[in-house]
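Let's take a walk through a protein together, one step at a time. Keep the sequence and the 3D view side by side as you read.

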Amino acid sequence: MKQAVTILTFDTPGRGLSDITREIATWQRETGIAEGLLTLLCRHTSASLLIQENAAREVRSDLLDWLDRLAPESHCYAHDDEGPDDMPAHLKATLTGVNLSIPVIGGRLALGTWQGIYLAEHRRMAHRRQVALHLLGA
């Protein structure tokens, strides 16, 4: 068994979903590990990770709109240290999650045909986000 670890950094433009599949797949191939399990962790509490549709953009915009309805910006939250989008961003990260596990089979991420890995930025402002990767396998 071998293992590889890294931290990738991504600049987000603000609220939205950034497709980070290519960067993660490139790193995975460079490790030389062809069979195993890749674990990803978003190192933030107001951003998250998703595996989602990578073809129809409407899926992603509908998802973001749905999250906004579940956790709207408001002045009703006690935690608003960084503005009205602060607590809703934490709620959205809780709902969507900060970690993923993806099998590696035959030297490739075992994602489905229409699946991509997305970094969800839940804040309005641009941020620099980190995703920790750990790949264990052979």
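In what order do the strands of the open sheet lie? Before we answer, keep in mind that what you see is a predicted model. The order is β1-β8-β3-β5-β6, with antiparallel pairing across these 5 strands. At the edges stand β1 (2–12) and β6 (108–109); each has a single partner strand, so one side of each has no neighbour in the sheet.

Now let's step back and look at the whole chain. The protein has 3 helices and 8 strands. If you follow the sequence from start to end, these elements come in the pattern β-β-α-β-β-α-α-β-β-β-β. Taken along the principal axes, the box filled by the C-alpha atoms is roughly 50 × 30 × 20 Å. For 138 residues, a compact globule would have a radius of gyration near 14 Å, and the 16 Å of this protein agrees with that.

How does a chain like this fold back on itself? Take the contacts between residues at least 6 apart in sequence: 82% of them join residues at least 24 apart. As for what ends up inside, 41% of the 138 residues count as buried. The accessible surface comes to about 7,600 Å², and carbon and sulfur atoms account for 53% of it. There are also charges to consider: 14 side chains are positive and 17 are negative, and the centres of the two sets lie 5 Å apart.

Let's return to the sheet and look at strand β3 (residues 36–42). With strand β8 (residues 127–137), β3 pairs in the antiparallel sense over 7 bridges. One place to look is T39, whose bridge partner in β8 is H134. β3 also pairs with β5, again in the antiparallel sense, over 6 bridges. Here you can find G36 opposite V104 in β5. While you trace these strands, a general point may help: in a regular strand, side chains alternate between the two faces of the sheet.

Strand β5 (residues 99–105) includes N99. Which residues does N99 touch, if we do not count those up to four places away in sequence? They are L40, L41 and L49. N99 and S48 make a good example of how the chain returns to a place: they are 51 residues apart along the chain, yet their C-alpha atoms are separated by 7.6 Å.

Next, find T12 in strand β1. Is T12 buried or exposed? T12 has a relative accessible area of 5%, which is why it counts as buried. Setting aside neighbours within four places in sequence, T12 is in contact with S18, L119, E121, A126, H127 and R129.

Our last stop is helix α3 (residues 86–96). Its buried residues are D86, P88, A89, H90, K92 and A93. What do the buried residues of α3 pack against? They pack against β4 (47–53) and α2 (57–70). Just after α3 comes G97, with a positive phi near 95 degrees.

Technical notes
Residues are numbered from 1 along each chain as its sequence is written. This is a predicted model: local features need pLDDT of at least 70, side-chain atom pairs count only at pLDDT 80 or more; totals for chains, interfaces and linings use all residues. Side-chain values use heavy atoms; hydrogens and water are left out. Helices (H or I, at least four residues) and strands (E, at least two) are DSSP runs, numbered from the N terminus. The radius of gyration is taken over C-alpha atoms; the globule rule is 2.2 Å times the number of residues to the power 0.38. Buried means under 20% relative accessible area, exposed over 50%, partly exposed in between (1.4 Å probe, protein chains only). Contact means heavy atoms within 4.5 Å. Accessible areas come from the Shrake-Rupley method with a 1.4 Å probe; for residues, only the protein chains shown count as cover. Lys and Arg count as positive and Asp and Glu as negative; His and the chain ends are not counted. The place of a charge is taken as NZ of Lys, CZ of Arg, CG of Asp or CD of Glu. Two strands pair if DSSP finds at least two bridges between them.
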